[in-house]
Amino acid sequence: MIYEINNLGFTYPQTDRSILNDVSLTLAEGSILSILGPNGAGKSTLLNCMVGLLTPTCGEIKLFGQDLGTMTFREIAQVVGYVQQVHTPAYGYTVLHFVTMGRAPRIPMFGRPGEADKKAAWDALEVLEITHLAHKSYTEISGGEMQKAVIARAMVQEPKVILFDEPTAHLDSGNQLRVLNIIRDMAERGYSVVMTTHNPDHALLLGGEVAVLSRDGHLQTGPVNEIITEQLLLEIYNTRLCLIPVPELLRVACLPPRLDQGGQGSQGRMKALRLVKPVARERID
């Protein structure tokens, strides 16, 4: 087991506001865990506790059986990669140099990156299909390209698990899907993945497990197809969302109703569907 979190609580000392309450979860090797919850529920706070940036008020976090509080940041970084929602570079490193810095936990103190470290960085660029950016300044590439570079930097740490905090935030639809495909591929390569998201459809696309933080900081976990229901989504987001089977895509999609149909039940939904004209589709072989 990679993570074992038991009865975790966190309160910000400045406000005495309790964010996490009695949170417990486990993370096995090679698994995907999506964390859902409303704004302010504590999704990012939970990740920051899991990577050692915040110290829980109560409870325990074990990483590969060791108390996280007894581990150094270097020890944590050797097994956990963290892709934060926003990364602001302090200097205009080239993308290759930026990614190579992810090797720091593997390089001896006061050491310099060797050929093996540079090769690992280049290999990560190839996996993310951004070798053409290698010698461009990190500060001059697009948001989607930056996100791929940050993921590549996390990969070269050679961690067992990578935590993603809102990895699709600020990305267009195409780049959102590309990042989700990357995350799926990483799980297939043997990484364990934890991802926070505001989009339940992303959790449905990835599959695996889901953890849902309520507004009062409590957590429930389980398989995505069992935990995510229309009633649960209503409780989380205080708005109606529909789970619609899409046979052509071989999946269930999470979609909002028409803007003028938000309060209708199933009869209203069927009436709205009858107003939609069918669109001819060509078969793609």
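Q: In this predicted model, why is Phe98 called buried?
A: Its relative accessible area is just 2%, and buried means under 20%, so Phe98 qualifies.

Q: And what makes Tyr138 count as buried?
A: The same kind of check: Tyr138 has 1% relative accessibility, set against a cut-off of under 20%, so buried is the right word for Tyr138.

Q: Why is the pair of Phe98 and Tyr138 called stacked?
A: The ring centres are 4.1 Å apart, and rings pair if their centres lie within 6.5 Å. The planes sit at 20°, while stacked needs under 30 degrees, so stacked it is.

Q: What makes this a link between distant parts of the chain?
A: Phe98 belongs to helix 3 (residues 95–100), whereas Tyr138 is in the loop between helix 4 (115–127) and helix 5 (143–155). The two are 40 residues apart.

Q: A search of the whole structure finds two aromatic pairs; what makes the pair of Phe10 and Tyr12 edge-to-face?
A: Phe10 and Tyr12 have 4.7 Å centre to centre, with 85° between the planes. Pairing asks for centres within 6.5 Å, and edge-to-face for planes over 60 degrees apart, so this pair meets both conditions.

Q: Why is Phe10 buried but Tyr12 called partly exposed?
A: Phe10 comes in at 5% relative accessible area, and buried means under 20%. Tyr12 has 28%, which falls between that cut-off and the 50% above which a residue is exposed, so Tyr12 is partly exposed.

Q: How do you know that helix 5 is largely enclosed by the rest of the structure?
A: Because 10 of its 13 residues are buried. Among them are Gly144, Lys148, Val150 and Met155. The buried residues of helix 5 pack against strand 6 (80–83), helix 3, helix 4, strand 7 (161–165) and helix 6 (173–188).

Q: How do you know that the span of helix 5 is close to what is expected?
A: Helix 5 reaches 18 Å from its first C-alpha to its last, and 18 Å is also the expected figure at 1.5 Å a residue.

Q: Why are strand 6 and strand 10 (219–223) said to stand at the edges?
A: Each has a single partner strand, so one side of each is left without a neighbour in the sheet. The order 6-7-8-3-9-10 of this open sheet puts them at its ends.

Q: What makes strand 6 and strand 7 a pair?
A: Four bridges join the two parallel strands, and pairing takes at least two.

Methods:
Residues numbered from 1 in each chain as written. Predicted model: local features only at pLDDT ≥ 70, side-chain atom pairs only at ≥ 80, totals over all residues. Heavy atoms only, no water. Phe/Tyr/Trp six-rings, centres within 6.5 Å; stacked < 30°, edge-to-face > 60°. Buried < 20%, exposed > 50% of the residue type's maximum accessible area, 1.4 Å probe, protein only. Expected span 1.5 Å × (residues − 1). Contact = heavy atoms within 4.5 Å.
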